[in-house]
Amino acid sequence: MSLDPATVRRIAKLARIRLDDGEVSRLQGELNGILGWIEQLSEVDVEGVAPLTGGARIAMRMRADAVTDGGQAEKILANAPDRAGEFFAVPKVVE
Amino acid sequence: MLCDLSILDAAAGLRRRDFSARELVGAHVDAVAALNPRLNAFITETPELAMRQAEAADRALADGSAGPLAGIPLAIKDLFCTEGVRTTAGSRILGNFVPPYESTVSAQLLRDGAVFLGKANLDEFAMGSSNMTSAYGSVQNPWQRRGSNVALVPGGSSGGSAASVAARMAMGSTGTDTGGSIRQPAAFCGIAGIKPTYGRCSRWGIVAFASSLDQAGAFGRSVADCALLLGSMAGFDPKDSTSVERPVPDYVAACKRGVRGLRIGVPAEYRMDGMNAEVELLWQNGLGWLREAGAEIVDVSLPHTKYGLATYYIVAPAEASSNLARYDGVRFGMRQDGVDLIDLYERTRAAGFGDEVKRRIMIGTYVLSAGYYDAYYLRAQKVRALILRDFTDVFGKVDALLTPTAPTAAFAQGEKMDDPIAMYLNDVFTVPASMAGVPGMSVPAGLDGQGLPLGLQVIGRPFDEETVFAVSQVIEDSAGFGARPQVRAGEE
């Protein structure tokens with residue numbers, strides 16, 4: 001399986017990373033190299049093996065569905081690149 | 001020389017009033033000022049904060065309220081959020097990020113009286129094995145090849161954490177390990193480093209890379225120093241749903257247990273074709289030391305070892321692509337304006353992330369995308385289950401495993417940079433334990449022919465860090481590793 005430039009552009013779009021033409025060409029080579037190397041996993045017999053989804057072999061802990069925190073708008077907004085009052089500000093989304 | 005002391009000796013000296021915390025911390029602040037322009041081990045230095053914390057430690061030592069780490073100067077990997085102190089994760093995208101909260105692990109170190117010298121350099125978002133991907137410049141290894149001044153890498157991703165301790169700028173440091181990011185730099189810098197069991201330390205407040213693998217751990221110049229630091233860092237935290245609710249044992253005491261009667265496994269698959277002869281010899285020495293100390297050496301097999309790295313390079317990028325989606329230029333971090341919101345996201349992420357991070361986000365996005373998920377991601381999770389089964393089977397027969405930490409000693413800055421896979425192969429011995437979530441520790445065990453340190457790795461059962469410390473202590477005692485790097489405090 002080999003990625004063409006259009007697929008590299010599509011992945012970049014999904015990942016929300018802007019690429020110029022030079023980067024598309026470079027990444028195409030690098031990603032194909034890595035994916036080719038990863039291909040070795042296809043030789044492993046995984047028939048009937050349940051996937052391991054997490055790092056800990058314990059069930060997730062449950063907790064009460066209760067509000068335990070809040071009222072920290074200033075702290076949350078302290079690192080915002082742009083704000084308007086108690087809101088994050090972004091360019092106009094809806095015309 | 002205060003900067004040469006172990007943490008345990010410094011803590012005893014502070015309590016005997018041989019020196020004050022202000023003197024101890026002052027010596028290290030001076031060492032950072034003298035050496036950091038050359039080594040670049042710290043992204044952000046916090047000398048004023050350190051001296052204020054030292055004064056508080058002296059007061060606590062005087063009134064009897066001092067914690068076990070009172071007055072001990074540490075470096076904190078710049079992946080741990082520190083309240084009011086810039087936290088960059090080694091990335092441009094977080095270049096101006098000042099967390100309004102403290103990570104659980106660093107908060108526990110502060111609770112016990114530790115002093116923070118600054119934020120240690122790392123590969124961007126902890127993605128790397130050389131510290132060459134940091135947006136804040138590479139870190140130089142304080143060790144040099146005999147008769148050469150070529151700058152070597154300290155390993156990665158926790159390269160600044162390891163270099164600062166090796167160069168005697170800090171007495172100990174925190175790191176994080178996702179595929180080897182504590183153990184490999186510890187080996188390259190000639191110090192000890194432990195990655196505990198997944199779930200042992202809270203991940204709350206640590207900038208996330210691959211959440212099912214990330215685990216905090218400690219660096220020190222001795223096994224017992226790592227044990228003391230881990231005892232402070234570890235423990236249940238309700239704020240991390242994967243943190244495990246079980247008591248933290250006395251790790252320092254565990255270091256003295258010895259290995260008499262223990263069964264130590266030697267995994268056949270770690271003896272690779274074309275293995276470095278010096279690494280092979282060191283491994284045999286390590287096994288000999290453990291046998292002499294009363295352990296039984298047992299040949300074992302971890303059949304899926306060779307698939308560890310390929311599995312890792314699906315699982316970790318997949319999780320990273322999801323975790324790093326939060327860097328959108330809206331709520332925190334840098335922003336590049338665009339004509340609309342999508343354009344803003346794309347420009348911000350293009351300008352904010354470095355090449356290796358982009359590469360991994362792209363791989364992760366691809367293996368999770370419709371039509372490829374089963375072939376790549378689901379298959380990798382199944383192979384990961386087989387890797388875990390290998391370890392579970394082996395730990396039915398032995399108490400711990402001994403392997404080399406890394407295939408070679410530290411390499412030169414710039415080497416392996418044009419071939420991502422050659423760089424990834426650095427972690428061939430460390431990644432399997434990460435995939436299985438079991439604890440691993442690197443201990444300095446000797447020098448290669450060029451005078452560079454080599455490490456041995458001890459791998460233990462889940463939550464049995466005590467046996468890992470006991471075995472590591474025997475390696476340390478038997479190796480008698482007294483070598484020090486050329487670049488260090490007092491030698492600048």
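Trainee: Before the helix pair in chain A, how are axes and angles defined here?
Mentor: Axes are lines fitted to C-alpha atoms, for helices over the stretch in contact. Angles are taken between N-to-C directions and run from 0 to 180 degrees.

Trainee: The model is predicted. At what angle do helix α1 and helix α2 of chain A pack?
Mentor: Helix α1 of chain A covers residues 5-14, and helix α2 of chain A covers residues 21-38. Their axes are 9 Å apart. The packing angle is about 95°.

Trainee: Is α1(A) roughly parallel or roughly perpendicular to α2(A)?
Mentor: Angles of 65 to 115 degrees count as roughly perpendicular. The pair packs at about 95°, which makes α1(A) to α2(A) roughly perpendicular.

Trainee: Which residues of α2(A) make the contact with α1(A)?
Mentor: By class, this contact has 5 nonpolar, 1 polar and 1 charged residues. From α1(A) come A:P5, A:V8 and A:R9. From α2(A) come A:V24, A:L27, A:Q28 and A:L31.

Trainee: Which strands stand at the edges of the sheet in chain B?
Mentor: The open sheet has 11 strands in the order β1-β3-β2-β4-β6-β5-β10-β11-β9-β7-β8, with mixed pairing. An edge strand here has a single partner, so one of its sides is left without a neighbour in the sheet. In chain B these are β1 (42-45) and β8 (296-300).

Trainee: Which residue stands opposite B:G265?
Mentor: Strand β7 (residues 263-267) of chain B is joined by 2 bridges to strand β9 (residues 400-404) of chain B, and the two run parallel. Opposite B:G265, in β9(B), stands B:L401.

Trainee: At what angle to β6(B) does helix α7 of chain B run?
Mentor: Helix α7 (residues 223-233) lies across β4, β5, β6 and β10 of chain B. Relative to β6(B), residues 215-220, the helix runs at about 145°.

Trainee: Which helix gives the most to the largest nonpolar core?
Mentor: That core has 172 residues, and B:L74, B:V115, B:A227 and B:V471 touch the most other members. Beyond four places in sequence, the contacts of B:V471 include B:V259, B:I264 and B:A400. With 9 residues, the element that gives the most to the core is α10(B).

Trainee: Which element gives the largest share of the side of chain B that touches chain A?
Mentor: The contact takes 52 residues from chain B and 38 residues from chain A. The chain B side divides into 29 nonpolar, 12 polar and 11 charged residues. Elements giving two or more residues to that side include α10, α11 and α12 of chain B. The largest share, 10 residues, comes from α13(B).

Methods
Residues numbered from 1 in each chain as written. Chains lettered and ligands numbered in written order. Predicted model: local features only at pLDDT ≥ 70, side-chain atom pairs only at ≥ 80, totals over all residues. Pairing = 2+ DSSP bridges. Helix = DSSP H or I, 4+ residues; strand = E, 2+ residues; numbered from the N terminus. Contact = placed C-beta atoms within 7 Å. Nonpolar A, V, L, I, M, F, W, Y, C, P; charged D, E, K, R; others polar. Core = buried A, V, L, I, M, F, W, Y, C linked by C-beta atoms within 7 Å. Buried ≥ 20, exposed ≤ 12 C-beta atoms within 10 Å, placed from the backbone. Parallel < 35°, antiparallel > 145°, perpendicular 65-115°, else oblique.
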